[in-house]
Amino acid sequence: MTEETPGFDEKPDVPSDAAPEDAAQAESADKAGSAPAGDVQDVALQAQLDQVRSALSERTADLQRLQAEYQNYRRRVERDRVTVKEIAAANLLSELLPVLDDVGRAREHGELVGGFKSVAESLETVVAKLGLQQFGKEGEPFDPTIHEALMHSYAPDVTETTCVAILQPGYRIGERTIRPARVAVAEPQPGAQSAKSASDEDAKGPKGAKGAKGAKASDEESGGPDEG
């Protein structure tokens, strides 16, 4: 029975005539084969997991970018849809403004009666549903962005440029003005403020004189002013 000497590892058989380089390669191959297989597998799995995580991050960023672009697209389409609708309604209602003006004049003269009254009221209801709004009132301040001044005058009872008559009402759809209100305006009378200030001073003058006269009378009644 052959006894094995403890403390010596078996080495691969190397031919006696092999070169030293061949012996070194055989020894390194023996060491690589003796490395744990589980560590190599863990390293490979970790590398694959890193690749999957990187790909997932890229796909998530792409999805978020596409979602943001889609939301912007939806808002842009909705805004354009509303704008196109307003433009179409404005073009249609602009053609009906002379008819509405005739209805308004007939109402002012008491001629809106009978079947004509029913037709006129139906027309006004329809244009109101389409978003048409009338504006322009007497006594409101003049605003050049929504008013068109056709007549001009001066008035002593106004403190700023004021619409004193509505010649034609204005119309708008939402924030879009279809036609400005055509009005007659009045400005404060030139020199009215100066005259008012002068009248105020004149009103204060007699009071001051009366006060001085009263003080003089008081001195006479008391025997004159006190002498030091």
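Here are a few friendly notes on the strands, one helix and some side chains of this structure.

1. A word on the source before the details: this is a predicted model. Please read each of the points below with that in mind.

2. Let me begin with the open sheet. Three strands make it up, in the order β2-β6-β3, and their pairing is mixed. The edges are taken by β2 (147-155) and β3 (162-168), each of which pairs on one side only. On average, neighbouring strands of this sheet are turned by 25 degrees against each other, with direction ignored.

3. Within that sheet, have a look at the pairing of β3 with β6 (residues 181-188). The two strands are antiparallel and share five bridges. If you want a place to start tracing the register, C163 stands opposite V185 in β6.

4. Q168 deserves a moment of its own. This residue lies in strand β3. Is Q168 buried or exposed? Its relative accessibility is 18%, and because buried means under 20%, Q168 counts as buried. The side chain of Q168 also has a polar partner: it makes a contact of 2.6 Å with the side chain of R182.

5. Next come the pairings that involve β4. Strand β1 (residues 132-135) and strand β4 (residues 170-173) run antiparallel and are joined by four bridges. In this pairing, Q134 has Y171 of β4 as its bridge partner.

6. β4 also pairs with strand β5 (residues 176-179), again in the antiparallel sense, and here the bridges number three. R172 stands opposite T177 in β5. What does the backbone do in the hairpin of β4 and β5? Two residues lie between the strands, and G174 takes a positive phi near 65 degrees. That is a handy spot to check on your screen.

7. Finally, let us turn to the helix. Helix α2 spans residues 37-108 and includes Y73. Which residues form the nonpolar patch on the surface? They are Y70, Y73 and V77, and together they have about 310 Å² of accessible area. Taken singly, Y73 has a relative accessibility of 46%. Since the partly exposed class lies between 20% and 50%, Y73 counts as partly exposed.

8. If you have time for a short tour, I would suggest three stops: the contact between the side chains of Q168 and R182, the positive phi of G174 in the β4 and β5 hairpin, and the surface patch of Y70, Y73 and V77.

Notes. Residues are numbered from 1 along each chain as its sequence is written. This is a predicted model: local features need pLDDT of at least 70, side-chain atom pairs count only at pLDDT 80 or more; totals for chains, interfaces and linings use all residues. Side-chain values use heavy atoms; hydrogens and water are left out. Two strands pair if DSSP finds at least two bridges between them. Axes are lines fitted to C-alpha atoms, for helices over the stretch in contact, and angles run from 0 to 180 degrees between N-to-C directions. Patches are made of residues with over 30% relative accessible area and no salt bridge: like charges are joined within 9 Å, nonpolar side chains (Val, Leu, Ile, Met, Phe, Trp, Tyr) within 5 Å. Accessible areas come from the Shrake-Rupley method with a 1.4 Å probe; for residues, only the protein chains shown count as cover. A salt bridge is a side-chain nitrogen of Lys or Arg within 4 Å of a carboxyl oxygen of Asp or Glu. Buried means under 20% relative accessible area, exposed over 50%, partly exposed in between (1.4 Å probe, protein chains only). A polar contact is a pair of N or O atoms within 3.5 Å; within protein, one must be able to donate a hydrogen and the other to accept it, and residues adjacent in sequence count only if both atoms are side-chain atoms.
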